[in-house]
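Biologist: I should be grateful for a close look at one part of this model, centred on a single helix and the side chains packed around it. Please define each term as it arises and follow the contacts outwards from there.

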Amino acid sequence: MSAKVMVAVLVDATPADAFDIFTQEVDSWWRRGPKYRFRGKRTGTMRFEPGIGGRLIEVYDDAARDLYEVGRILAWEPGARLAFEWRGPNYRPGQATRVEVRFTAAAQGTRVVVEHSGWESLPAGHPARHGMDDVPFLHSMAGWWQEQLASLKAARSTT
């Protein structure tokens, strides 16, 4: 059985524009602070490298190549779908979950759906679970993504 969370938001944009906002403007809407970034209090710039095999990264110093790689891009379908690996800083080598984002035209814009799956691959007691059992942990992850998507929606309303 796959442990996953799924959240959605309606964005005032076409699917192609919503995809661009999600990927090209990621640092403008991705929340800041230790809860949302990958090296605690050290905040860098979030960036997607376009295309399959590209990466989602947080860059701290371009010149020094100081960055954190969240994961590799698995699907890059502008205006329709994006999928990427997700590795937290406390994941062991080879441990990863998966994020898939779908962009679907709706009556008043685009429905952006985030599905974060593969949580069953992280054993009970894994630091990413913060001591929580499955249900409370998945509930907290859904809340985390809801906060991120609320920021995405708010960023769109100011462009």
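Modeller: Helices (H or I, at least four residues) and strands (E, at least two) are DSSP runs, numbered from the N terminus. The model is predicted, so local features need pLDDT of at least 70 and side-chain atom pairs count only at pLDDT 80 or more, while totals for chains, interfaces and linings use all residues. Residues are numbered from 1 along each chain as its sequence is written, and side-chain values use heavy atoms, with hydrogens and water left out.

The helix to examine is α3, which covers residues 134-157. Asp134 belongs to this helix. With a relative accessible area of 47%, Asp134 is partly exposed, because that class lies between buried (under 20%) and exposed (over 50%), as judged with a 1.4 Å probe on protein chains only. Ser151 is also part of helix α3, but at 14% it is buried. Apart from residues up to four places away in sequence, Ser151 is in contact (heavy atoms within 4.5 Å) with Trp29 and Arg31.

Trp29 is therefore a suitable residue to take up next, and its relative accessible area of 2% makes it buried. It sits in helix α2, which spans residues 26-29. The C-alpha atom of Trp29 is 7.8 Å from that of Ala154, although the two residues are 125 positions apart along the chain. Once neighbours within four places in sequence are set aside, the contacts of Trp29 are Ile21, Phe22, Gln148, Ser151, Leu152 and Ala155. The contact with Ser151 thus appears from both sides, because Ser151, buried at 14%, touches Trp29.

Two backbone oxygens also lie close to polar atoms of this tryptophan. The side chain of Trp29 reaches the backbone oxygen of Ile21 at 3.2 Å, a polar contact (a pair of N or O atoms within 3.5 Å; within protein, one must be able to donate a hydrogen and the other to accept it, and residues adjacent in sequence count only if both atoms are side-chain atoms). The backbone oxygen of Phe22 is 3.4 Å from a polar atom of the Trp29 side chain. Ile21 and Phe22 are both also on the contact list of Trp29.

Helix α3 has a further role in the largest pocket. A pocket is found on a 1 Å grid over the protein atoms alone, as an open set of points where a 1.4 Å probe fits, with protein on both sides within 12 Å along at least five of seven lines; lining residues have an atom within 4 Å of a point. The lining of the largest pocket comprises 20 residues, and Lys35, Ala128, His130, Met141 and Trp144 are those nearest its centre. Helix α3 provides four of the lining residues, the largest share.

One of those central residues, Met141, leads on to His116, since Met141 is among the contacts of His116. His116 is in strand β7, residues 109-117, and is buried at 0% relative accessibility. Beyond its neighbours within four places in sequence, His116 contacts Ala3, Lys4, Val5, Trp86, Thr97, Arg98, Val99, Met141 and Trp145.

Trp86 in turn is one of the contacts of Leu56, alongside Trp30, Met46, Arg47, Phe48, Tyr68, Glu69, Val70, Gly71, Ile73 and Phe84, again without neighbours within four places in sequence. Leu56 lies in strand β3 and is buried at 0% relative accessibility. Its C-alpha atom is 6.2 Å from that of Glu69, which is 13 residues away along the chain.

Aromatic pairs complete the picture. The whole structure holds 20 of them, where rings of Phe, Tyr and Trp (its six-membered ring) pair if their centres lie within 6.5 Å; planes under 30 degrees apart count as stacked, over 60 as edge-to-face and the rest as tilted. Phe19 and Trp76 make an edge-to-face pair, at 5.1 Å between centres and 85° between planes. This pair joins distant parts of the chain, with Phe19 in helix α1 (residues 15-24) and Trp76 in strand β4 (residues 66-77), 57 residues apart. Phe19 is buried, at 1%. Trp30 and Phe38 form a tilted pair, 6.4 Å centre to centre and 40° between the planes. Trp30 is buried at 1%, and Phe38 is buried at 8%.

To return to helix α3, its residue Asp134 lies 31 Å from Phe19, C-alpha to C-alpha, with their positions 115 residues apart in sequence.
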